[in-house]
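Here's an informal walk through one protein chain. Have a look at the model first, and then we'll go through the cysteines, a histidine, the core and the last helix.

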Amino acid sequence: MNAIPLLLVGACLSGRSALPEVSSSDLIERAREWDGQTVVYRGEAVGEAMRRGQFAWVNLHDGASAIGIWCPFRFVERIKILGDYFHSGDLVRITGVFHRACAEHGGDLDIHAVALEKVADGSPREHPADWKKLFAGGGLCLLAAALAWRGRGRTKVTSEK
């Protein structure tokens, strides 16, 4: 058995990874250079985890773009909150092999995770109402109704013979 993956996992779990932490922008812009390389990628877990047998897909969004992560389902079980409109998802750091066109997954850009570490817990998101917009919208509705009421009956239909 090759000792390199075990060393990578050990380094990641100890929190002393010597591997480069890369951004989604860097991976997308320099995909050819990173192809097949082991990388560290950090982002917010967003959307839904899609289980596929003993594995799963999860998307990690780093603030610029989201990258699909293929990992053992036991990794995904560590993620308690996935980001959506109402929640900020758990922040996680993964170590894995980057593929710019994964042959196993239909040519998609992805990372096959060998380790996952939860960095921070997710939390609820608040969306306070913008009262200025609400009143402006209501005022415009009233104006439209008043104009429609005033204009009723003014349209004449003529027919030519």
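Cys102 counts as buried, at 3% relative accessibility, where buried means under 20% relative accessible area (1.4 Å probe, protein chains only). Cys71 is buried as well, with a relative accessible area of 0%. For all that, the structure holds zero disulfides, a disulfide being a pair of cysteine sulfur atoms within 2.5 Å.

A word on the source: this is a predicted model, in which local features need pLDDT of at least 70 and side-chain atom pairs count only at pLDDT 80 or more, while totals for chains, interfaces and linings use all residues. Residues are numbered from 1 along each chain as its sequence is written, and side-chain values use heavy atoms, with hydrogens and water left out.

Cys102 also turns up in the surroundings of His112. Beyond neighbours within four places in sequence, His112 is in contact (heavy atoms within 4.5 Å) with Trp70, Thr95, Gly96, Val97, His99, Cys102, Glu104 and His105. His112 sits in strand S7 and is buried, with a relative accessible area of 15%. Its side chain has these polar contacts, meaning pairs of N or O atoms within 3.5 Å, one able to donate a hydrogen and the other to accept it, with residues adjacent in sequence counting only if both atoms are side-chain atoms:

| Side chain | Partner side chain | Distance |
|---|---|---|
| His112 | His105 | 3.3 Å |
| His112 | Asp110 | 3.4 Å |

Now for the greasy part. The largest nonpolar core has 23 residues, and Leu27, Tyr41, Ile69, Ile94 and Ile111 have the most contacts inside it. Such a core is a set of buried Ala, Val, Leu, Ile, Met, Phe, Trp, Tyr and Cys residues joined through side-chain atoms within 4.5 Å. Several elements each supply at least two of its residues, among them strand S2 (38-52), strand S6 (91-102) and strand S7 (108-120). Leaving out residues up to four places away in sequence, Leu27 touches Val22, Trp34, Tyr41, Ile67, Phe98 and Ile111.

How many buried residues does helix H5 have among its 21 residues? Zero, so H5 is hardly covered. H5 (residues 131-151) reaches 30 Å from its first C-alpha to its last, close to the 30 Å expected at 1.5 Å a residue, a span worked out as 1.5 Å times one less than the number of residues.

Overall, the chain has five helices and eight strands, taken as DSSP runs (H or I, at least four residues; E, at least two) and numbered from the N terminus. Of its 161 residues, 29% count as buried.

Conventions: Buried < 20%, exposed > 50% of the residue type's maximum accessible area, 1.4 Å probe, protein only.
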